[in-house]
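Got your viewer open? Let's take a short tour, one selection at a time.

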Amino acid sequence: MAPILCTNCKTERALIKRPKNHKKLCRSCFLTVFEDEVHHTITSSGLFYPGEKVAIGASGGKDSTVLASVLKTLNERHNYGLDLVLLSIDEGIKGYRDDSLETVKRNAVQYDMPLKVVGYDELYGWTMDQVVETIGKKGNCTYCGVFRRQALDRGAKMLGIKHVVTGHNADDVAETILMNLLRGDLARLSRSTSIVTGDSRSEVKRSKPLKYSYEKEIVLYAHHKKLDYFSTECIYSPEAFRGSARSLIKNLEKVRPSAILDIVRSGEDMARLVPVENSSSCACKGTGRSATPVAGDDENIGGCGSQNGRSSGGEMAAMEQELKDNEAHKELEIDVANTMPATKAELKEKLLELPIRSGPRNSKAVSRQVLGTCERCGYMSSQAICQACMLLEGLNKNRPQIQI
Amino acid sequence: MSNKMEEGQLTPPPPQPSSVSVSKRCKKCSVQEATLDSRGAPVCRGCFVKFINTKCVKQVAILGKETSRLITPRDGGVRRYLVGLSMGGVSSTVLVQLLNENVEFQLAKGRNAPFELVFVYVDPHTSLTLQPSSELSSVVGGSIKVEERLRGFRERYPRSEFKRVPLAAALRLRTVDWSSLIPPAGANGGSGGTDEEKKLQQVFDNLPSATSRTDMIRLLTRHVLLNEAREEGCQALLLGSTTTALAELTLAETAKGRGFSLPWLINDGSFPITHHQDPIADTTADAPPTPPTPDGTTADNTTTDAPTTAPNGTTTNITTNSPTVTEDGKGVGGETSSTSMLVYHPLRDLLRKELVTYASLVSPPLTDLLLSDFSSLQSGGAVVSHKNLSIEEVMFRYFEEVEQNYPSVVANVARTTGKLLRLEEDAEKNGRCGVCSMPLDELGDERWRGEIGDPVGDEGGGGGGGGGKGRLCYGCERSIHG
Ligand SMILES: [Zn+2]
Ligand SMILES: [Zn+2]
Ligand SMILES: [Zn+2]
Ligand SMILES: [Zn+2]
């Protein structure tokens, strides 16, 4: 049987069936096409300027390793003139980051890029192990998640770098879009679709050059380029909505490979359709819709070492309950308005119970859109004081006095 | 649309909702014994049925208000609604029941009937031989005798009209730009019945996947229903989509790259209808097809052109001033005149599983009208091959599960999507897609190609490179050309 030839160069033997569109390519054409597409993305959205200092958020995993490799290649090939730095976060969980940090250190040598590892202790004054010591195992995931969200930005700021690129791929973006549809969160949906997050008010801009790259192609690229990455499965268990969206996407991809990209396109288009008035009664916000990139506060940020406090389905069940309560309340109102002589006591009970259950969540949903910066750290936040600073305040109160 | 996948299918026997302890009283009437669960509350049979009824009546009342301005003395002041019917789907069957009940209720009170009803089943089967495991054939099974079913409906609801219209009727519609679906060579045929069916089969044979075929059936069905509504002198088209179906639709359309069209699909309101040149007369009699316009030159410089020289051939006839069609006056100056039709979803506040329960509670039960030999989509049914699955099917399975455990989450999806805005400015600037009638987004398409790094002209995306001269939206481009 004659070997199938690459549809691109028509000389080499086709070895790869592209997950994105099932085109059959040879190894070198695949690598080139993959890089060309990222280059297109970078140039068409004007991600960088010559001489820009850019930190690559490096975890040692496939996405950030491929990102580093591709950026290095493109930077040299197309003379972007970028000053690239690897930036890694060490949560301070003994044993957890050791292997992946080793990988990043090797990458730094392989790509001839400076590496900066920033610890939670440097950023927050606390390592995760210390947090666990203080507050116990329960709920430490909250801390890790909140700290992690800001760690790259804070780390970059420490280094005097104003642009962080992350390895988020098309699958991640599609997942976030479906997740926010399921959650009914249009504001986040429109935010999650933009390639650049962080606006003029924030000191650090974030972007995702692999936004249109399929996860499967990233794996193939890493494999065929023989990249050195840390391939252990992440032990982080995604929250229920994300997990649900993830498995749905896998099924959709099987049915129609283009589905991932099509979801991304849908998300970008829908971002234009999100009504502005959705954002609370505050008259002062005056920002356009998706045109304003905002904090990517819901990005899929990988694992912290512990699964404590996460029961799968938890978030979905909580939302179900909340919605049900709201609905029950509404139904009751209608019934009362009509005929139903519901007992006063019963009605009262319902009314009293509602604000307690859903109050905090609702108020957050409204204020989410109005973005300012944290009074203490300057990080973008919808509250006067950002979540990380709030948590830190609590932690610092509990800090054993001996410490100096 | 009336066709199955946004409709729940009854799996026999209808599952009795989790029954509550014997001694409990109904939370609503406090009189009867509660035997059913309604959104967490124990209720009696009567109150459950009333609940379903009320939800539907509320929507119909809204529609009544909306249509009051469309009613002229000429109509005798009587509203007329066209309702999409699916064969065996629980949603549209329940809708038939609820709407008829409403009519009977008014008549019993000595009032006039509030509206006349025409139910239309758009039948893809006379014309299409679908893949064995595609969504539609698994639902309809090929062996279902449509006429027999329709007779069942007519007997039970003698006041309503029930019609069957073959999907191939779509070929006669100018609301579809057929030049983008039929290769020019195949465009000259007569218009005899079997020819039409052959031609439609050809259209479907050219589509790249099960998802594309299901997608196209859905789109063409809508075109046929909208046209029937116009021809039947109706003021609105009603669809039986439940809140579950709307959630499915939201995610399915998103997954097909049609996110931009959701405000028109999920919300109630007027749906745009665009008229295109007759493909057959046009390709033979007209000047040679205009070459695709290069990117960048858009509608701006074309507004004053005569129809025949308009770029991309999306010329539109100024048509139909039927009293039932509302002129929305938003056409591109001189070139387009689009009309519209109200589309409503009276069951939008109900879950599919609630309708399944309801169907077994009314007397006599609706069971006979529902399709029972419906096996392939049952939960737990093994997935034969992903290749032959459609995205709609994947969503159906997914939401079947979510609805079971998180019904309010499901309802919230449709509610949230309903908040998205309709961007009519795009239609004014760029015109509408020749197949789905949604506004085109040329800037978006261009930017997308740039960011993706798609070689231009690869698939004729947006520019009409693939032989067809019509312009297509992102979603239709994907469905038609893969
Ligand atoms: Zn090659
Ligand atoms: Zn802060
Ligand atoms: Zn009752
Ligand atoms: Zn379209």
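Which residues are the protein donors of the zinc ion (ligand 4)? Select ligand 4 and you'll find Cys433(B), Cys436(B), Cys473(B) and Cys476(B), each offering its SG atom, 2.3 Å from the zinc ion. Keep in mind as you go that this is a predicted model.

Stay on the zinc ion and check the angles. The four donor atoms subtend angles of 104 to 116° around the zinc ion (ligand 4), so the arrangement is tetrahedral, a label that needs all angles to lie between 85 and 135 degrees. Along the sequence, the donor residues follow the spacing C-x2-C-x36-C-x2-C.

Now pick out two of those donors, Cys436(B) and Cys476(B). This pair links distant parts of the chain, 40 residues apart. Cys436(B) sits in the loop between helix H13 (424–430) and helix H14 (442–452) of chain B, while Cys476(B) belongs to helix H15 (residues 474–481) of chain B. Both Cys436(B) and Cys476(B) are buried.

Next stop: chain B again, at Tyr121(B). You'll find Tyr121(B) in strand E4 (residues 115–123) of chain B. Is Tyr121(B) buried or exposed? Its relative accessibility is 1%, so Tyr121(B) counts as buried, the cut-off being under 20%. Add Thr221(B) to your selection: it lies 100 residues from Tyr121(B) along the chain, yet their C-alpha atoms are separated by 9.1 Å.

Last, hop over to chain A and select Ser69(A), in helix H2 (residues 62–77). Ser69(A) has a relative accessible area of 4%, so Ser69(A) is buried too. What does Ser69(A) touch, leaving out residues up to four places away in sequence? Light up Tyr111(A), Tyr221(A), Lys225(A) and Leu227(A) to see these contacts.

How values were computed. Residues are numbered from 1 along each chain as its sequence is written. Chains are lettered from A and ligands numbered from 1 in the order in which they are written. This is a predicted model: local features need pLDDT of at least 70, side-chain atom pairs count only at pLDDT 80 or more; totals for chains, interfaces and linings use all residues. Side-chain values use heavy atoms; hydrogens and water are left out. Donors are N, O and S atoms within 2.8 Å of the metal (3.2 Å for Na, K and Ca); water is not among the atoms, so sites may look incomplete. Four donors count as tetrahedral if all angles lie between 85 and 135 degrees; four count as square planar and six as octahedral if opposite donors are over 155 degrees apart and all others between 65 and 115; anything else is irregular. Helices (H or I, at least four residues) and strands (E, at least two) are DSSP runs, numbered from the N terminus. Buried means under 20% relative accessible area, exposed over 50%, partly exposed in between (1.4 Å probe, protein chains only). Contact means heavy atoms within 4.5 Å.
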